[in-house]
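User: I am new to this structure and would like a close look at the contacts between its side chains, charged ones to begin with. Please take me through them slowly, in one connected account.

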Amino acid sequence: MNRRSLLLTGAGAILSHAAASDTITLGVIGAGGRGTLVMTTFQKSPNVRVGAICDVYEPNLERGLSTAAKAQTSAPKAYRNYKEMLADKNIDAVLIATPEHWHAQMVLDALAAGKDVYVEKPLCRTPEEGVALVEAEKKTKQIIQTGMQRRSYDLYLEGRKLVADGTLGTVRMVRSWWLNNYVGNGGARTAKLDGPLDWEQWQGPIKKRIPLDPFIFRNWRFIGDYAGGIVADQGAHVYDGIHLLMNATYPLAVTAAAGKPHKAGYDTPESVVVTAEYPEDFIGVFQVNYAAMRYRTRNDQMNHLDGDKARMDIGREDWRVFKEGAEDTPAIEKRSEKGFGWATDLHVQNFLECIKTRQRPTAPMKLAFQAALVVQMANLSLKQGRRLKWNVGLNKVEV
């Protein structure tokens with residue numbers, strides 16, 4: 001089954017491979033909560049069939065297989081090793097929704113296997129991984145979409161147009177925050193498994209080997225050996241949104257400050273302030289505090305763009321513009337008709353369309369790395385206690 005029409009860059013000619021079917025056969029690597037949710041979003045398209053699911057945790061694998069089968073006439077094939085899935089010639093594209101420490105290697109392996117890729121954020125764990133991925137992107141003809149769904153979200157695209165049109169005047173600072181609370185969810189370091197887990201495969205590229213630890217498996221986002229903590233997990237989204245709205249590129253420098261971790265078992269802080277400086281002559285400040293009161297989801301994240309003519313507040317589901325001297329009442333405002341969840345639908349639709357046209361998707365790896373780099377540098381700044389610079393020519397972090 002072959003579904004692609006490959007646009008030959010430079011020549012402008014189209015080599016048609018589409019013969020038997022236009023169906024895109026998707027393989028899913030990582031069938032946890034997010035992976036299964038995004039998989040079902042793919043299945044909303046009549047042109048997508050989930051052909052295989054891979055997971056090293058048996059309950060996730062079984063749930064993913066069962067969920068996928070409900071939305072199609074045939075059951076997906078089960079894999080417990082992702083390289084065996086990548087060798088499956090029937091798989092056209094893969095959704096990678098594994099823990100963060102696996103993203104970079106799996107993307108590289110998927111590209112080498114000739115698969116189009118949709119990978120969840122953050123794109124990678126280190127600047128070195130990001131540089132390698134961007135270089136690989138330059139050399140491949142495969143379509144790569146990173147799960148930075150604000151890039152496809154109509155609300156943010158309209159907000160970007162307001163900035164570009166000069167509605168806000170000159171913007172020298174963007175102030176963003178994300179508030180929640182995981183500190184109050186109990187103090188004991190406990191967790192359990194509901195079925196078999198291939199712990200060695202799950203640890204994968206992490207050099208530090210430890211005995212099977214269900215707590216790490218359940219809470220890897222907040223363990224420094226496996227991820228960048230809440231500042232990276234949420235900050236990648238926020239800084240990508242800032243970059244989109246401000247048409248920004250790589251940061252010039254990043255500085256961070258943080259409190260100590262207060263959640264039992266976590267070694268990354270829940271309260272962090274990041275300041276990123278940009279060559280576009282503005283700074284982006286992000287405050288994440290997961291020791292705050294809990295907000296309703298639509299209100300837990302906000303960005304304030306401080307222009308010299310007006311300020312725009314843009315959150316998950318609406319934006320409002322306040323003019324100078326009249327900041328009590330918005331001059332113009334817009335609310336998303338379908339809500340923030342619709343952003344993922346739009347993002348998946350963009351990826352599927354680009355598979356057909358071979359055009360550049362809205363969130364390629366270069367843009368995703370620019371956002372991941374900011375939070376990676378923030379974590380490095382916390383460790384080193386100083387401001388760090390990004391040398392864009394040498395692709396490296398410097399003092």
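Analyst: A network of salt bridges links three residues, Lys 121, Arg 221 and Asp 233, in what is a predicted model. Over the whole structure the search finds 22 salt bridges, and three further pairs can be followed one by one.

In one of these pairs, the side chains of Arg 172 and Asp 281 meet with 2.8 Å from N to O. This bridge joins distant parts of the chain, since Arg 172 belongs to strand S9 while Asp 281 is in the loop between S11 and strand S12 (282–289), 109 residues apart. Asp 281 is partly exposed at 46% relative accessibility, and its partner Arg 172 is likewise partly exposed, with a relative accessible area of 47%.

The loop between S9 and H7 deserves a longer look. Which residue does the side chain of Arg 189 meet in a salt bridge? The partner is Asp 213, at 2.8 Å from N to O, and here too distant parts of the chain are linked: Arg 189 is in the loop between S9 and H7, and Asp 213 is in the loop between H7 and helix H8 (214–219), 24 residues apart. The two ends of this bridge fall into separate classes of accessibility, for Arg 189 is partly exposed with a relative accessible area of 42%, whereas Asp 213, with 15%, is buried. The cut-off matters in this case, because buried means a relative accessible area under 20%.

Another salt bridge brings together the side chains of Asp 194 and Arg 218, at 3.2 Å from N to O. Asp 194 is again found in the loop between S9 and H7, while Arg 218 lies in helix H8, with their places 24 residues apart in the sequence. Asp 194 has 53% relative accessibility and counts as exposed, but Arg 218, with a relative accessible area of 38%, is partly exposed.

The loop between S9 and H7 holds Gly 184 as well, a residue that counts as exposed at 60% relative accessibility. Although Gly 184 and Ala 291 are 107 residues apart along the chain, their C-alpha atoms are separated by 7.7 Å.

From charges the account moves to rings. The structure holds 21 aromatic pairs, and one of them is formed by Tyr 118 and Phe 351, which meet edge-to-face at 5.7 Å centre to centre, with 70 degrees between the planes. Tyr 118 is part of strand S7 (residues 116–119) and Phe 351 is part of helix H10 (residues 341–357), so this pair ties together parts that are 233 residues apart in sequence. Are these two rings buried or exposed? Tyr 118 is buried, with a relative accessible area of 0%, and Phe 351 is buried with a relative accessible area of 0% as well.

A further edge-to-face pair consists of Tyr 182 and Tyr 266, at 5.1 Å centre to centre and 80 degrees between the planes. Tyr 182 sits in the loop between strand S9 (171–179) and helix H7 (199–203), and Tyr 266 in the loop between strand S10 (253–258) and strand S11 (271–278), so parts 84 residues apart in sequence are tied together by this pair. Tyr 182 and Tyr 266 are both buried. Tyr 266 has a charged neighbour too: Lys 263 lies over its face, 6.0 Å from the ring centre. In a similar way, the charged end of Arg 316 sits over the ring of Phe 340, at 5.1 Å from the centre of that ring. Elsewhere, ring pairs join Tyr 57, Trp 199, Trp 202, Phe 217 and Tyr 226 into a cluster.

What remains is the nonpolar interior. The largest nonpolar core has 95 residues, and those with the most contacts inside it are Leu 305 and Met 312. Leaving aside residues up to four places away in sequence, Met 312 touches several others, among them Gly 159, Leu 162, Val 163, Leu 168, Leu 245, Leu 305 and Trp 319. Apart from this core lies another, of 22 residues, which includes Val 28, Val 48, Val 50 and Ile 143.

A last point concerns cysteines. How many disulfides does the search of the whole structure find? The number is 0. Cys 54 counts as buried at 4% relative accessibility, and Cys 124 is buried with a relative accessible area of 1%.

Technical notes
Residues numbered from 1 in each chain as written. Heavy atoms only, no water. Phe/Tyr/Trp six-rings, centres within 6.5 Å; stacked < 30°, edge-to-face > 60°. Helix = DSSP H or I, 4+ residues; strand = E, 2+ residues; numbered from the N terminus. Buried < 20%, exposed > 50% of the residue type's maximum accessible area, 1.4 Å probe, protein only. Lys NZ or Arg CZ within 6 Å of the ring centre and 35° of its normal. Core = buried A, V, L, I, M, F, W, Y, C linked by side-chain atoms within 4.5 Å. Contact = heavy atoms within 4.5 Å. Salt bridge = Lys/Arg side-chain N within 4 Å of Asp/Glu carboxyl O. Disulfide = S-S within 2.5 Å.
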